[in-house]
Amino acid sequence: MLELNYAYSMDAFMTYQFGLRYGSNFIQDTQKRQWYLNLFFSRRPYLFWVTEAPKFANRLSKLLGIRLIPKWVDEATHHLESWNLDICDKAERLLSETDEISPGDYPVIYAQERKAMRSTYPDVVKSYSSSPGGIYPFRYQIASDMYDHNAAAHETSGDTLTYVYYEMSRRPELQKRLREELMSLDAPILYPPPENGPQNLPDPKKVDSLPLLDAVLMETLRLWVAVPGGQPRLTPFPPCSLAGCDNIPPNVRVQAYAYALHRNPEVFPDPEAWNPERWMEASPEKLSEMRKWFWAFGSGGRMCIGNHIAIHSMKHNIAAAYTNYTTTIYEHGSMDLAEGFTAGPEGNRLSIVFHHV
Ligand code: HEM
């Protein structure tokens, strides 16, 4: 499930980012998906140095020839970046050379950032008008952002979905209730689609407002946080007070952990239990307290920029699966949350059996 969920999350997101023509097709293209995921995850043990002490790692390498990050890690990153840059180049050509782009092929996110950059820095755009060799404005800036987005998208959502399947597979009666709820949609996501039934997907707002589906996802994001690592911030000027400490000078790095916040027993009684019902049975006051402590996507100026598309994409995945199938666990490795800034199941393995209903 893990690999398939990464593939689904990447495809769902990249289709929005680059359109159907240039977005990934990792679900069907097994070879490409394994190429990508192997490169992406092989760098994991070295991410600490890249994110937390890049200058130190760089200097050690340049001055003393000691590499904390092996050369092949840089090479793996280079391959992934080149793959992404190539897709950006194609999206750029599509936008600059095609008069009418079909809605399915429209690279929504790429186009939005391109438009924002161009209108914010018109002088830069002018200076590029005579550039040779197909070089275009903001090529690397936009590609860097696009890479950041699709890397952020597939891992977090893939890990979360894997835990959804794990937990749901242990609760057959909950699967039944969820299916009943999903079948109440005007256009249930039936597979195969019935000959005389609705051929369209249901209204996304209706999918979003299904209470049990929402509770299942919220509870999974609470217990199995996809970003359990510290989310850092710098203190502002003038000195501030925080968590009972006064006079903290500016520019001090402080951080909080969604993992810990989500396990406060006063807010989430029996916090280690996966209990979606807690989101449905809480009083309005309790619910607003729980939502205040819910920090799966962070908050403030650096909050996850993809939280809406992530929820949209994951809810549709769960809805499509549990409208048509029941699931049972076949086998799995350790499902404990691994350690890391982002994390999925430690054992890296979950096999599920799908039974068509
Ligand atoms: C289950 C799904 C996801 C989870 C749990 C998640 C969680 C997070 C968290 C905790 C942060 C840091 C927030 C902070 O420091 O306050 C973050 C940042 C970010 N996320 Fe997500 N994310 C998810 C999906 C996505 C998707 C689909 C995208 C695609 C655009 C995305 C793009 C980003 C980006 C670009 C940032 C950095 C924002 C910034 O620093 O300005 N994420 N995410």
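# A walk from Thr342 to the ligand

A polar contact of 3.4 Å links the side chain of Thr342 to that of Arg44. That is a handy place to step into this model, which is a predicted one. Thr342 has another polar partner too: its side chain makes a polar contact of 2.9 Å with the side chain of Glu155. If you look along the chain, you'll find Thr342 in the loop between strand 5 (325-332) and strand 6 (350-356). Leaving out residues up to four places away in sequence, Thr342 touches Arg44, Glu155, Ala226, Val227 and Pro228. And is Thr342 buried or exposed? Its relative accessibility is 15%, so Thr342 counts as buried, the cut-off for that being under 20%.

Now zoom out for a moment. The protein is split into domain 1, covering 1-150, and domain 2, which is made up of 170-228 + 262-357. Taken over C-alpha atoms, the centres of domain 1 and domain 2 sit 28 Å apart. In the contact between them, domain 1 puts in nine residues and domain 2 puts in 12 residues.

Next stop, the ligand. How many residues surround the ligand? There are 24, and the closest of them are Gln231, Arg233, Ala296, Arg302 and Cys304. Both domains take part here: domain 1 and domain 2 each give at least three residues to the shell around the ligand. Sorted by character, the shell's residues come out as 13 nonpolar, eight polar and three charged.

Let's pick out some individual contacts. Arg233 has a polar side-chain atom 2.5 Å from an oxygen atom of the ligand. Arg302 does something along those lines, with an N or O atom of its side chain 2.8 Å from a ligand oxygen atom. With Ser299 it is the backbone that counts, as one of its backbone N or O atoms lies 3.4 Å from an oxygen atom of the ligand. As for the elements giving two or more residues to this shell, they are helix 8 (139-169), strand 1 (231-234) and helix 15 (307-324). Helix 8 supplies the largest share, seven residues.

The ligand also holds an iron atom, and Cys304 is the only protein donor to that iron, through its SG atom at 2.3 Å. Where does Cys304 sit along the chain? Look in the loop between helix 14 (284-293) and helix 15.

Since helix 8 came up, let's follow it to Arg139, which is part of that helix. The side chain of Arg139 forms a polar contact of 2.8 Å with the side chain of Asp89. Setting aside residues up to four places away in sequence, Arg139 touches Leu85 and Asp89. At 16% relative accessibility, Arg139 counts as buried, because the limit is under 20%.

One last stop is Thr30, in helix 2 (residues 30-42). Along the sequence, Thr30 and Leu4 are 26 residues apart, while in space their C-alpha atoms are 9.5 Å apart. Thr30 has a relative accessibility of 35%, so Thr30 counts as partly exposed. That sets it apart from Thr342, which is buried at 15%.

Methods:
Residues numbered from 1 in each chain as written. Predicted model: local features only at pLDDT ≥ 70, side-chain atom pairs only at ≥ 80, totals over all residues. Heavy atoms only, no water. Near = heavy atom within 4 Å. Polar contact = N/O pair within 3.5 Å; in protein donor to acceptor, adjacent residues only side chain to side chain. Helix = DSSP H or I, 4+ residues; strand = E, 2+ residues; numbered from the N terminus. Nonpolar A, V, L, I, M, F, W, Y, C, P; charged D, E, K, R; others polar. Domains from an automatic or database assignment. Donors = N, O, S within 2.8 Å, 3.2 Å for Na, K, Ca; no water. Buried < 20%, exposed > 50% of the residue type's maximum accessible area, 1.4 Å probe, protein only. Contact = heavy atoms within 4.5 Å.
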